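Dear colleague,

I am passing on the structure we spoke about. Please look it over below; my notes follow it.

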Amino acid sequence: MEHNFEKLKEHILPLSNATDFYQAKNEWKLVGVEINEGWDNCPCGQSIKELC
């Protein structure tokens, strides 16, 4: 499955104070990265092993 930017925005906006994605993404800070043994999925649909 490939990256879907609209799905990512739909996931992030309800969890944010801002109503605009470009403002909302500035509310989020990386606090750590965990490597998953199996595959997981980003809200955008991309398969990932690094959980941030």
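**Cysteines**

There are zero disulfides in this structure. Cys44 takes part in none, and the cysteine sulfur nearest to its own, that of Cys42, is 3.4 Å away. Because a disulfide requires two cysteine sulfur atoms within 2.5 Å, that distance of 3.4 Å does not qualify. Please keep in mind that this is a predicted model.

Cys44 has a relative accessibility of 3% and therefore counts as buried. Cys52 is likewise in no disulfide. For Cys52 the nearest cysteine sulfur is again that of Cys42, here at 9.1 Å. Is Cys52 buried or exposed? Cys52 is exposed, since its relative accessible area is 71% and the cut-off for exposed is over 50%.

**The two strands**

Strand S1 covers residues 34-41, and strand S2 covers residues 47-51. The two pair in the antiparallel sense, with four bridges between them. Two residue pairs help to place the strands against each other. Glu34 stands opposite Leu51 of S2, and Asp40 has Ile48 of S2 as its bridge partner.

S1 and S2 form a hairpin with five residues between the strands. In this hairpin, Gly45 adopts a positive phi near 105°.

How many of the eight residues of S1 are buried? The number is zero, so S1 lies largely in the open.

**Exposed leucines and a nonpolar patch**

Leu30, Val33 and Ile35 make a nonpolar patch on the surface, with an area of about 310 Å². Leu30 sits in the loop that runs between helix H2 (21-24) and S1. Its relative accessibility is 61%, so Leu30 counts as exposed.

Leu15 is found in another part of the chain, in the loop between helix H1 (5-12) and H2. With a relative accessibility of 52%, Leu15 also counts as exposed, because the cut-off is over 50%.

Leu15 can also be placed relative to one of the cysteines above. Leu15 and Cys44 are separated by 29 residues in sequence, and their C-alpha atoms are 15 Å apart in space.

**In short**

The structure holds zero disulfides, with Cys44 buried and Cys52 exposed. S1 and S2 pair in the antiparallel sense, and S1 lies largely in the open. The nonpolar patch is made by Leu30, Val33 and Ile35.

Regards

Definitions and conventions:
Residues are numbered from 1 along each chain as its sequence is written. This is a predicted model: local features need pLDDT of at least 70, side-chain atom pairs count only at pLDDT 80 or more; totals for chains, interfaces and linings use all residues. Side-chain values use heavy atoms; hydrogens and water are left out. Buried means under 20% relative accessible area, exposed over 50%, partly exposed in between (1.4 Å probe, protein chains only). Patches are made of residues with over 30% relative accessible area and no salt bridge: like charges are joined within 9 Å, nonpolar side chains (Val, Leu, Ile, Met, Phe, Trp, Tyr) within 5 Å. Accessible areas come from the Shrake-Rupley method with a 1.4 Å probe; for residues, only the protein chains shown count as cover. A salt bridge is a side-chain nitrogen of Lys or Arg within 4 Å of a carboxyl oxygen of Asp or Glu. Two strands pair if DSSP finds at least two bridges between them.
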